[in-house]
Amino acid sequence: MIWVQALTCFALWMVYGILMRSKSENLRGRIHGSDRGVRVFLGSVGLILGLAILFAALWMISSNGGFKDGQLTIWAWPLVAFAGLIFIHLQVIGAAALISLVMDEETARKSRPSNNPEESSK
């Protein structure tokens, strides 16, 4: 039964991730307009807080008897699914914020023009 529960949650998380991916351009555009400090905060908090919430939820579910007889209980299954959705959501927000920082860094970098060895030998 645990495999059915796990595969169902996994399918839900994949669908949500794909939906978030389709909206990521809009999300990056909104984040890109924010101050650099806000983006650093969103990126760091999104990645770390998502993981912390996921582990805390799994620990809470486990310590309150959410896993019995080789399967999740009826009340624990939706909580695991929801904790996974929160994790995915915060990871996408954190990644979008950090990607916007990297994109700014690349476009703002002043670099010397590259040399063409063929032209310089003439």
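A residue is called buried under 20% relative accessible area, exposed over 50%, and partly exposed in between, with a 1.4 Å probe and protein chains only. The model is predicted, so local features need pLDDT of at least 70 and side-chain atom pairs count only at pLDDT 80 or more, whereas totals for chains, interfaces and linings use all residues. Residues are numbered from 1 along each chain as its sequence is written, and side-chain values use heavy atoms, with hydrogens and water left out.

**Exercise 1. Classify Ile-86 by accessibility and locate a residue distant from Ile-86 in sequence.**

Step 1. Ile-86 is found in helix H4; helices (H or I, at least four residues) and strands (E, at least two) are DSSP runs, numbered from the N terminus.
Step 2. The relative accessible area of Ile-86 is 26%, which means that Ile-86 is partly exposed.
Step 3. Ile-86 and Trp-13 are 73 residues apart in sequence, yet 9.8 Å apart in space, C-alpha to C-alpha.

**Exercise 2. Describe the overall composition of the protein chain.**

Step 1. The protein chain has five helices and two strands.
Step 2. Their order along the sequence is α-α-α-β-β-α-α.
Step 3. Of the 122 residues in the protein chain, 25% are buried.
Step 4. The accessible surface comes to about 8,900 Å², and 67% of this belongs to carbon and sulfur atoms; such areas come from the Shrake-Rupley method with a 1.4 Å probe, and for residues only the protein chains shown count as cover.
Step 5. Among contacts (heavy atoms within 4.5 Å) with a separation of 6 or more, 79% are between residues 24 or more positions apart.

**Exercise 3. Compare the span of helix H1 with its expected value, then assign its two sides.**

Step 1. The expected span of a helix is 1.5 Å times one less than its number of residues.
Step 2. For the 21 residues of H1 (residues 2–22) this gives 30 Å, and the end C-alpha atoms are 30 Å apart, which agrees.
Step 3. Gln-5, Cys-9 and Met-20 are buried in H1.
Step 4. These residues cover an arc of only 40 degrees around the axis, so they are on the same side of H1; the arc is that of the directions from the helix axis to the C-beta atoms.
Step 5. On the other side of H1, the exposed residues are Trp-3, Leu-7, Ile-18, Arg-21 and Ser-22.
Step 6. Arg-21 has a relative accessibility of 68% and therefore counts as exposed. Its C-alpha atom is 8.1 Å from that of Val-92, at 71 residues apart in sequence.

**Exercise 4. Carry out the assignment of sides for helix H2.**

Step 1. Within H2 (residues 24–32), the buried residues are Ser-24, Leu-27 and Ile-31.
Step 2. They cover an arc of only 60 degrees around the axis, and therefore are on the same side of H2.
Step 3. Glu-25, Asn-26 and Arg-30 are exposed on the face turned away from the buried side.
Step 4. Gly-29, in H2, counts as partly exposed because its relative accessibility is 44%.
Step 5. The C-alpha atoms of Gly-29 and Ala-97 are separated by 9.8 Å, although these residues are 68 residues apart along the chain.

**Exercise 5. Examine helix H3 and what Leu-90 touches.**

Step 1. The 28 residues of H3 should span 40 Å, and the end C-alpha atoms are 40 Å apart, which agrees.
Step 2. The buried residues of H3 are Arg-39, Gly-43, Gly-46, Gly-50, Leu-54, Ala-57 and Ile-61.
Step 3. Leu-90 lies in helix H4 (residues 76–108) and counts as buried because its relative accessibility is 17%.
Step 4. Not counting residues up to four places away in sequence, Leu-90 touches Gly-46, Leu-47, Leu-49, Gly-50 and Ile-53.
Step 5. Leu-90 and Gly-43 are 9.0 Å apart, C-alpha to C-alpha, and 47 residues apart in sequence.

**Exercise 6. Identify residues with positive phi.**

Step 1. Most residues other than glycine have a negative phi.
Step 2. Asp-69 is not a glycine, but has a positive phi of about 55 degrees.
Step 3. Asp-69 lies in the loop between strand S1 (67–68) and strand S2 (71–72), and is exposed, with a relative accessible area of 80%.
Step 4. Gly-65, which follows H3, also has a positive phi, near 80 degrees.
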